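Subject: Structure for your files

Hello,

Here is the structure I said I would pass on. My notes follow below it.

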Number of protein chains: 2
Amino acid sequence: MKSDTWLKELRKQGYRLTEARRAVVETVAQSPRALSPTDVYNLSKEHYPALGLVTVYRTLEKLEELHLVQRVHQEEGCNAYLSEAEGHQHLLICTECKKAVYFEGDDLGDFFGEVGKAHNFVVNEHWLQLFGICKDCKRICD
Amino acid sequence: MKSDTWLKELRKQGYRLTEARRAVVETVAQSPRALSPTDVYNLSKEHYPALGLVTVYRTLEKLEELHLVQRVHQEEGCNAYLSEAEGHQHLLICTECKKAVYFEGDDLGDFFGEVGKAHNFVVNEHWLQLFGICKDCKRICD
DNA sequence: CTCCTTATTGAAAACGGTTTTCATTTAACC
DNA sequence: GGTTAAATGAAAACCGTTTTCAATAAGGAG
Ligand SMILES: [Mn+2]
Ligand SMILES: [Mn+2]
Ligand SMILES: [Zn+2]
Ligand SMILES: [Zn+2]
């Protein structure tokens, strides 16, 4: 279970394992789509009603520091968090149901270097994200 | 001058040309980097001190509707506006001085289609941005 | 040029998401 | 079980953005 790994990692960093943290970690770790702090709050509250929104913010902050989640930018907003992929990967997001999947873009580094050279830049980071309609949503639309 | 084109376009859409609008348009049209509403406000105020921040927001909104500016997402924030390129282009941004230049990425469409196919998605939009250090900033660092 | 109409403006208030403060709780260690 | 400091949630503060509204001025008509 991914959430167990995350909890173990938090513990390893010296953080305490509380009910509130377990609830937040559980919610985010198993979500197929990026969640806003409020999303996380509402979903987690079902398993731990005493949860406070502040704790959601604080927990997401720690998970991001540990590179267990990443912030995802979308048209509708730039404050949603998603379980991070291992290694260097990029996102493909369904604009209908918001499901997110990772893919590798190994071949692109050279192209980006060329672009940089052409403009006298040293390129050392890139953001790439694809948007589309997933199979499930496609079926529903038709 | 780019700002004249923008003013003409605004007029064509039936909007009135005011001192406040001229100041905002002037600032954004000639900026080499994306500017936040507050940036635009502070810079424009020098040419038109009576300017209100609200008008900056309202003018940027209109410029975006007319596709004269585009919103730029960066690590430091997602609410900066930049003169939009004609046609489909992508951004290369200097993380030091924030200077932004556009480049074309024609070759990529096929690759993105393949990625989609592999994950049962129909890809119909992509977001690509490169970050690096521009020649000028490179010189200063060394 | 002068008059009218109404789009536009800036100040102030409202708003909403995020952060800070602080007294209370509780996880972890002995 | 007792101790201690990290963690919590409620409430207040904060801050970027939007709404409200009375005053202003752009631009068309005469
Ligand atoms: Mn890559
Ligand atoms: Mn492209
Ligand atoms: Zn979908
Ligand atoms: Zn630079």
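Which side chain has an N or O atom 3.5 Å from a phosphate oxygen of DNA strand D? That side chain belongs to B:Arg11. Please keep in mind throughout that this is a predicted model.

The DNA contacts

Two further contacts to phosphate oxygens of DNA strand D come from the backbone. A backbone N or O atom of A:Arg16 lies 3.2 Å from one such oxygen, and for A:Gly52 a backbone N or O atom is likewise 3.2 Å from a phosphate oxygen of the strand. Three elements each give two or more residues to the surface near DNA strand D: helix H2 (19–29) and helix H4 (53–65) of chain A, and helix H4 (53–65) of chain B.

There are 21 residues around DNA strand D, and those that come nearest are A:Thr18, A:Thr55, A:Arg58, B:Leu17 and B:Tyr57. Sorted by class, this surface has 10 nonpolar, six charged and five polar residues. On the DNA side, sugar or phosphate accounts for 67% of the strand D atoms within 4 Å of the protein, and bases for the rest.

The zinc site in chain B

The zinc ion (ligand 4) is held by four SG atoms, those of B:Cys94, B:Cys97, B:Cys134 and B:Cys137, at 2.2 to 2.4 Å. Angles among the four donor atoms run from 103 to 114°, and the site is tetrahedral. For comparison, the ideal angle for four tetrahedral donors is 109.5 degrees. Along the chain the donors are spaced as C-x2-C-x36-C-x2-C. One pair of them links distant parts of chain B: B:Cys97 sits in the loop between strand S3 (90–94) and strand S4 (100–103), while B:Cys137 is in helix H6 (residues 135–141), 40 residues apart.

These two cysteines fall into separate accessibility classes. B:Cys97 counts as partly exposed because its relative accessibility is 31%, and the range for that class is 20% to 50%. B:Cys137 has 7% relative accessibility and therefore counts as buried.

Helix H5 of chain A

In helix H5 (residues 108–118) of chain A, the buried residues include A:Leu108, A:Phe112, A:Val115 and A:Gly116. They lie on the same side of H5(A), because the arc they cover around the axis is only 100°. In general, an α-helix has 3.6 residues a turn, so residues three or four places apart point the same way. A:Asp110, A:Lys117 and A:Ala118 are exposed, on the other side of H5(A).

Regards

Conventions:
Residues numbered from 1 in each chain as written. Chains lettered and ligands numbered in written order. Predicted model: local features only at pLDDT ≥ 70, side-chain atom pairs only at ≥ 80, totals over all residues. Heavy atoms only, no water. Donors = N, O, S within 2.8 Å, 3.2 Å for Na, K, Ca; no water. Tetrahedral: all angles 85-135°; square planar, octahedral: opposite > 155°, others 65-115°. Helix = DSSP H or I, 4+ residues; strand = E, 2+ residues; numbered from the N terminus. Buried < 20%, exposed > 50% of the residue type's maximum accessible area, 1.4 Å probe, protein only. Near = heavy atom within 4 Å. Polar contact = N/O pair within 3.5 Å; in protein donor to acceptor, adjacent residues only side chain to side chain. Nonpolar A, V, L, I, M, F, W, Y, C, P; charged D, E, K, R; others polar. Arc of directions from axis to C-beta.
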